[in-house]
Amino acid sequence: MLGLLDMSAAFDTVDHKILLERLEVSFGIKGQALAWLSSFLTDRTQVVAFGGVKSIPQRLLCGVPQGSVLGPLLFALYSADDICIAAEHEVCIHAYADDLQTYISCAASD
């Protein structure tokens, strides 16, 4: 059996507080490195521009920057527990950014 998961808008849903906690607890990132990552994520804003008109800047409370070098890496670290959970249930998983392939094999009679 094969399950293909494409998490829509996944990069936009990363909770900064949870990500920073996982970076520290699960991956041992501390001190200046954690402070740098925190400053990279916090106090970000976005603006929509259309037809030469720009919206009022809105503060972002979650998400990692898409198109950045760190975006996919931070998302992979944020979602690393998915791979651990799959392994606990003997489900194989391949992951690339926000695309996951989960699969198990069994005898045809099963």
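This passage describes the cysteines and one sheet of a predicted model.

The cysteines were examined for bonded pairs. A disulfide requires two cysteine sulfur atoms within 2.5 Å. By this rule, the count is 0 disulfides. Cys-84 takes part in none. The nearest cysteine sulfur to Cys-84 belongs to Cys-92 and lies 14 Å away. Cys-92 has a closest cysteine sulfur of its own, in Cys-106. That distance is 12 Å, so the sulfur of Cys-92 is too far away for a bond.

Exposure was computed for two of these residues. Cys-84 has a relative accessible area of 44% and is partly exposed. Cys-92 is also partly exposed, with a relative accessibility of 37%.

Cys-92 also leads into the sheet. The strand β6 spans residues 92-96. This strand belongs to an open sheet of 3 strands. The strand order is β1-β7-β6, and the pairing is antiparallel. Two strands form the edges: β1, residues 2-6, and β6. Each edge strand pairs on one side only. Neighbouring strands of the sheet are turned against each other by 10 degrees on average, with direction ignored.

The pairing of β6 with β7 was then followed in detail. Strand β7 covers residues 99-103. The two strands are joined by 5 bridges in the antiparallel sense. Cys-92 has its bridge partner in β7, and that partner is Tyr-103. Cys-92 is thus described in two ways: its bridge partner is Tyr-103, while its sulfur is 12 Å from that of Cys-106.

Terms used:
Residues are numbered from 1 along each chain as its sequence is written. This is a predicted model: local features need pLDDT of at least 70, side-chain atom pairs count only at pLDDT 80 or more; totals for chains, interfaces and linings use all residues. Side-chain values use heavy atoms; hydrogens and water are left out. Buried means under 20% relative accessible area, exposed over 50%, partly exposed in between (1.4 Å probe, protein chains only). Two strands pair if DSSP finds at least two bridges between them. Helices (H or I, at least four residues) and strands (E, at least two) are DSSP runs, numbered from the N terminus. Axes are lines fitted to C-alpha atoms, for helices over the stretch in contact, and angles run from 0 to 180 degrees between N-to-C directions.
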